[in-house]
Amino acid sequence: VTITTRLLVSHLSGIRHYEKDIAKVKEEKEKVNRALKLTKSHQDKEQKEKEGKGIEKTDCVKQKKERDSETKSRNSKPGRNDKEFEQEEYYLKEKFESVIESLKIFKNDPLFFKPGDQFLYSTYGFTLLSAVVERASGQKFTDYMLKMFRDLDMLSTVLDDNEAMIYNRARCYIYNKKGRLVNAPYVDNSYKWAGGGFLSSVGDLLKFGNALLYSYQAGQFNNSNGKFLPGYLKPGTVAMMWTPVPKTEVSWDRDGKYAMAWAVVEKNQQYGCCRQQRHYASHTGGAVGASSVLLILPEELEPEAPGTWAGAPPRGVIVTIICNMQSVSLNSTALKIAREFDTEKRAQ
C-alpha cells in the first residue's frame, strides 16, 4: 500500500491507535454509526412532524432513549473518557533516543484498513509523520520543532522530558478507581513527541493561534503599501489545513470534519432565525493527567469589499485552555467562550 503524508495528517492511514484489537475498534465504530443514524432518523421525524405528518409520542420517547444510550458509546473517542486511558501503551516508561527508533512499537502491526478508506484517530500516525519531518529536514524532529517554536516566540513550549528541570511545570492529576484525586503516574513521552510530547502554556498557545490566524487572513487585506509583514505560513497553506477532508469525523464536535491536524466546522445555517454554525478550527488534547484545547474562531469579513476592513489581521477570537486533569472535555466550553467574546465585539 501507499501511505502519504496527507493521509497521516488526516488520520486516514489505517495505522492503529493505542487499541491493538481491530475487532474492538470496528465494534466501537459501529456504535458510533448507529448513534449517528438514530440521530438523523430522529431529526427527520421531527421535520415531518413540523410539516403536519405527526408521529406517535411513544415513538419519540423510545427514539430518545435509544439515542441517549448510543450517545455514551459515540463519545468513546481519544481523550473523551477514562476507558481510553486503560490502554497500556499510554504508560510506557521506555526512553527512545529518536523518532525512528520509536517506530518499532507499531511498525510490524497490520493496518486496520486500506489507507484512505476510513478515519481512525492515530497518535502513531503522527509518530510516523514526525519521522517524515526528520528525514525531510535532515534534523532531529525535536530540534526542528524547538527552532520553529522559537520563530513563533513560543519560548515556554518545550519537550515533556522527565529528567529536565522545567520552570513552572505543573503537576498532573487523575482520579483513581475509588474516585479520589491522586498524582498522575510517571510516563515517558519520547515515543510520541509529535502526538503528545510537548509542554506549553496558554500564552504560547495564544501566540500559535494568532500566528495561524494572521497567516490565514493576511491575503485578504489590502497590502499595497507593504505595511503588513507576511504570515509565518502562506494563506493558501492554512486554508488547505482548515479544509475538511472527506471520510473523516470529529469526536468533540459532530458538526465538524477532520482536516489536516485540525478539526474544522464550516459555516452553515439551514433555516432563518434558527441554529447557526460558525466557521472555526480547533483541536483538543488528552494525555495522562492533562487535557487541553486550542480553538480559533475567525472574524467573518465581508467578501464584497476586500481590502477595506479597519485594523489589521489577525481578526477573530482565540481560546485556549490547559487543565492538569485527565479526561476533561474542553471544546464546547472553549466554543461558548469564543462566541461570547465574538458577540460582545459585534455589539461594540
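**Exercise 1.** What span should the 17 residues of helix α10 (residues 331-347) have at 1.5 Å a residue, and how far apart are its end C-alpha atoms?

*Solution.* The structure is a predicted model, and every value here is computed from it. As a first step, take the expected span, which is 1.5 Å times one less than the number of residues; for the 17 residues of α10 this gives 24 Å. As a second step, turn to the model, in which the end C-alpha atoms of α10 are 24 Å apart, so the expectation and the model agree.

**Exercise 2.** Find which residues of α10 are buried and which are exposed, and work out how they are placed around the helix.

*Solution.* Begin with the residues under 20% relative accessible area, which in α10 include Asn331, Ala334, Leu335, Ala338 and Asp342. Because these residues cover an arc of only 95° around the axis, they lie on the same side of α10. Next, look at the other side of α10, where Lys336, Glu340, Thr343 and Ala347 are exposed. Finally, ask what covers the buried residues: the cover includes the strands β7 (280-287), β8 (290-298) and β9 (316-323).

**Exercise 3.** Trace the pairing of β7 with β6 and with β8, giving the sense of each pairing and a bridge partner in each.

*Solution.* Start with β6 (residues 263-265), which runs antiparallel to β7 and is joined to it by three bridges; one of the partners is Tyr280 in β7, which pairs with Val265. Then follow β7 to β8, where the pairing is again antiparallel and extends over seven bridges, with Ser282 partnered by Leu295 in β8. To close, examine the hairpin of β7 and β8, which has two residues between the strands and in which Gly289 takes a positive phi near 85°.

How values were computed: Residues numbered from 1 in each chain as written. Predicted model: local features only at pLDDT ≥ 70, side-chain atom pairs only at ≥ 80, totals over all residues. Heavy atoms only, no water. Helix = DSSP H or I, 4+ residues; strand = E, 2+ residues; numbered from the N terminus. Buried < 20%, exposed > 50% of the residue type's maximum accessible area, 1.4 Å probe, protein only. Arc of directions from axis to C-beta. Contact = heavy atoms within 4.5 Å. Pairing = 2+ DSSP bridges.
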